[in-house]
Amino acid sequence: MPGLVVFGRRWAIGSDDFVLPGAFELLVRLVWWMGILALYAVHKGQFNCPGGGLLHSYLLVLLVLLASIICALSALVYISMQGTISNPGPRKSLPKLLYTRLFLYLPEFVWAVVGAVWVSDSSVRCEKAVINAIIGTVIASWVIIIFTIIGVVIVFDPLGGKKTFYLTDSVNRNLESSQSGQLLYNVKNTATRVWEKRIRLLCCCIVQDDDHRVAFTSIAELFRAYFSDTDLVPSDIAAGLILLHQEQDKMESCPKEPEEVLCHPPSSLATDDLDVELENAAHYMLFAAAAYGWPYYIYTNPLTALCKLNGDCCGNRPTDSDITGSDRHNFHFGSILKITGLQYRDFIHISFHNKIYEIPFFVALDHKKEAIVVAVRGTLSFEDILTDLSADCEDLTLEDVLENGFVHKGITQAANYIYRKLINDGILNQAFTIAPEYKLVIVGHSLGGGTASILAIMLRNSFPTLRCYAFSPPGGLLSKSLADYTKHFIVSVIVGKDLVARLSMPNMEDLKRRIVRIVANCNKPKYRILLRGCWYEVFGGDPENFPTELDGRSQDALTQPLLAEESLMVHRSPSYSALEDESHLHSPPQYPHLYLPGKIIHIVEESSSRRLCSSDSKYTARWSNEAAFSSILISPKMITDHMPDVVLKALNSLSQEHGSCISC
């Protein structure tokens with residue numbers, strides 16, 4: 001669990017992370033050494049060619065060097081296999097072995113240069129097989145050296161040289177002097193700047209303005225606060241997720257009732273209401289999916305989409321619709337037409353404009369349902385990701401709405417942008433002038449679902465009959481009072497173990513505590529957890545056969561401080577303190593609890609039959625409540641269940657099943 005300390009600084013790698021890469025390199029080195037040995041044995045006594053003397057010396061030294069590296073790697077892998085994630089004690093000699101292995105890179109580098117010079121010497125007239133073998137040796141040496149440098153860059157921790165304090169706002173500590181307080185302030189500032197530089201690097205391809213800079217700082221603060229109180233390396237998190245998934249599968253296989261809670265009794269009235277809402281949701285999900293434009297259309301029709309768009313869309317840009325933003329070759333609008341089945345004249349306004357806090361949307365007339373539909377696009381760009389990650393809370397204050405409360409800052413600003421466009425630019429007035437008897441429906445998926453929900457709250461007073469369908473909206477969206485207020489006009493649709501619907505800062509903090517707890521109490525080495533976990537994820541099996549059991553230590557032993565190389569952790573993290581004191585779990589939360597909007601329909605896949613090129617799934621739907629989404633569930637489907645095509649497939653399946661039941 002603790003990050004490895006070498007050269008006087010912490011690195012983003014654990015002392016038990018050298019098993020798999022070390023074993024792979026060891027295998028390569030063994031094959032390499034045996035090949036050179038065979039080459040030397042075959043040509044022994046035959047190095048009389050020009051340059052043969054140097055070749056003879058080169059091969060001998062290379063054999064000795066490779067043997068030394070193999071011995072060092074063997075010891076490194078063996079020591080790295082010892083102990084457990086939370087018990088690095090048996091691996092305390094690993095830094096010395098690592099120094100030895102890194103020292104051997106120096107003669108290897110020199111010998112790789114010598115080999116390159118020998119190969120490039122035009123005076124060498126040895127056998128072609130020998131020259132090719134030396135060329136392969138030189139290439140292999142340089143490849144390993146380059147990959148080692150890349151690995152060092154990846155595991156480099158910019159904060160590794162800092163003395164880290166693990167403090168949170170909810171824990172009051174008396175600093176001994178103003179100097180220690182200044183040190184803490186400097187450490188936090190440095191961590192924030194590091195995260196800000198990482199975010200800027202990831203977003204280097206987008207134009208950055210003041211809004212971006214504010215968002216970068218806000219997101220950097222969020223990441224710094226989240227990751228500052230634990231000493232987990234990436235492989236620890238991967239092992240923790242594997243263990244949590246297996247533990248979760250065990251619990252689901254138990255005969256007791258799952259965590260899902262019905263918020264309505266299974267009465268015929270509730271069933272009829274659910275069937276109606278599912279039919280409406282299946283219809284409006286087409287609009288939410290269409291808002292993604294050509295990426296979604298090509299993703300769902302990979303073989304024919306480009307041909308259809310090229311044939312139907314080029315040169316047919318509509319003149320009656322108000323279109324803003326870039327749409328090269330008319331692909332976005334052509335895809336929207338294909339997905340929704342609407343005509344050019346049915347669109348009132350289409351915006352492809354995309355910046356941070358400003359996301360694309362369109363307004364169209366739906367004659368089938370007699371509705372004016374506002375469809376908001378979900379996450380599809382770096383700007384959208386920044387909007388998602390601007391997860392600070394802010395107050396939402398509206399006139400004549402008593403249920404004011406906290407909302408997601410980034411999504412609220414996106415809703416404000418669309419609200420100003422709809423009202424100030426007269427887009428809704430234009431739509432209701434054309435169809436005054438139609439109702440207003442707002443839809444969206446993912447980020448679009450969250451934006452549509454807050455936009456619906458803003459428009460509710462002006463349009464009392466308004467309805468909103470939020471498909472897979474973010475979990476950390478509305479405070480409890482606002483979530484209850486929206487139950488009258490918003491319906492959220494969640495499929496399976498969708499991660500985004502459970503994504504909120506309190507849930508992320510809970511996930512972090514669960515990961516820390518399970519890896520701290522597991523008695524199996526990390527490499528076994530990762531190997532067996534990969535087998536379980538790919539091939540399945542019984543989770544009982546995998547290392548998810550705790551080691552049976554007493555509670556007193558479980559609450560002891562975890563060992564850390566070189567006493568890296570100056571203070572214990574609040575997450576570790578949670579292991580010691582359960583009351584910490586009930587302390588005032590650092591982040592306010594935010595919930596899903598409206599009434600919640602939870603769709604679960606009950607069975608799936610796979611064929612050669614397709615799969616048939618059977619789904620069930622039920623009314624649920626926010627309690628069912630208070631914890632992040634680990635599953636291979638936690639991402640795929642969020643995808644718009646999966647949501648649309650599930651809704652269409654339920655709608656068709658309901659239609660067939662009526663016909664029967």
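Helix H18 (505-520) and helix H19 (526-539) are among the elements that cover the buried residues of helix H8, and that is a good place to start a walk through this predicted model.

**Helix H8 and its cover**

Helix H8 runs over residues 234-253, which makes 20 residues. From its first C-alpha to its last, H8 reaches 29 Å, close to the 28 Å expected at 1.5 Å a residue. Which residues of H8 are buried? The list includes Ala-239, Gly-240, Ile-242, Leu-243 and Leu-244, and it also holds Asp-236, His-245, Asp-249 and Lys-250.

**The chain as a whole**

Stepping back, the chain has 664 residues, and buried residues make up 50% of them. Its secondary structure comes to 23 helices and 13 strands. Among contacts between residues at least 6 apart in sequence, 75% join residues at least 24 apart.

How confident is the predictor, and where does the pLDDT fall below 50? The average pLDDT of the chain is 80, and 78% of the residues score at least 70. Residues 163-175 have a pLDDT below 50, with 25 contacts in the model beyond near neighbours in sequence. Residues 258-269 are also below 50, and that stretch has 19 such contacts.

**Transmembrane spans from the record**

An unreviewed UniProt entry lists residues 20-42, 54-79, 99-119 and 131-156 under "transmembrane region". Two of these spans can be set beside the model:

| Span | Helix | Strand | Distance between end C-alpha atoms |
|---|---|---|---|
| Residues 20-42 | 100% | 0% | 33 Å |
| Residues 54-79 | 100% | 0% | 37 Å |

Val-64 belongs to helix H2 (residues 52-80). Is Val-64 buried or exposed? Its relative accessible area is 55%, over the 50% cut-off, so Val-64 is exposed. Val-64 and Trp-33 are 31 residues apart in sequence, and their C-alpha atoms are 9.3 Å apart in space.

**Aromatic rings**

A pair of aromatic rings is described by the distance of the centres and the angle of the planes. The structure holds 11 aromatic pairs. One of them joins Trp-11 and Phe-156: the ring centres are 5.6 Å apart and the planes stand at 75°, so the pair is edge-to-face. This pair links distant parts of the chain, with Trp-11 in strand E2 (residues 9-14) and Phe-156 in the loop between helix H5 (128-155) and helix H6 (178-202), 145 residues apart. Trp-11 counts as buried because its relative accessibility is 12%, under the 20% cut-off. Phe-156, with a relative accessible area of 37%, is partly exposed.

Phe-432 and Phe-463 make a stacked pair, at 5.4 Å centre to centre and 15° between the planes. Phe-432 lies in helix H15 (residues 427-434) and Phe-463 in the loop between helix H16 (447-459) and strand E10 (467-471), so the pair ties together parts that are 31 residues apart in sequence. Both Phe-432 and Phe-463 are buried. Elsewhere, one aromatic cluster is formed by Phe-333, Tyr-344, Phe-347 and Phe-362.

**Charges over rings**

Two more rings are worth a look. Which residue has its charged end over the ring of Tyr-105? That is Arg-101, whose charged end sits 3.9 Å from the ring centre. Lys-480 lies over the face of Tyr-595, at 5.7 Å from the ring centre.

Definitions and conventions. Residues are numbered from 1 along each chain as its sequence is written. This is a predicted model: local features need pLDDT of at least 70, side-chain atom pairs count only at pLDDT 80 or more; totals for chains, interfaces and linings use all residues. Side-chain values use heavy atoms; hydrogens and water are left out. Helices (H or I, at least four residues) and strands (E, at least two) are DSSP runs, numbered from the N terminus. Buried means under 20% relative accessible area, exposed over 50%, partly exposed in between (1.4 Å probe, protein chains only). UniProt positions are given in the numbering used here, feature names are shortened, and annotations may be inferred rather than shown by experiment. Rings of Phe, Tyr and Trp (its six-membered ring) pair if their centres lie within 6.5 Å; planes under 30 degrees apart count as stacked, over 60 as edge-to-face and the rest as tilted. A charge sits over a ring if NZ of Lys or CZ of Arg is within 6 Å of the ring centre and within 35 degrees of the ring normal. The expected span of a helix is 1.5 Å times one less than its number of residues. Contact means heavy atoms within 4.5 Å. pLDDT is the predictor's confidence in each residue, from 0 to 100.
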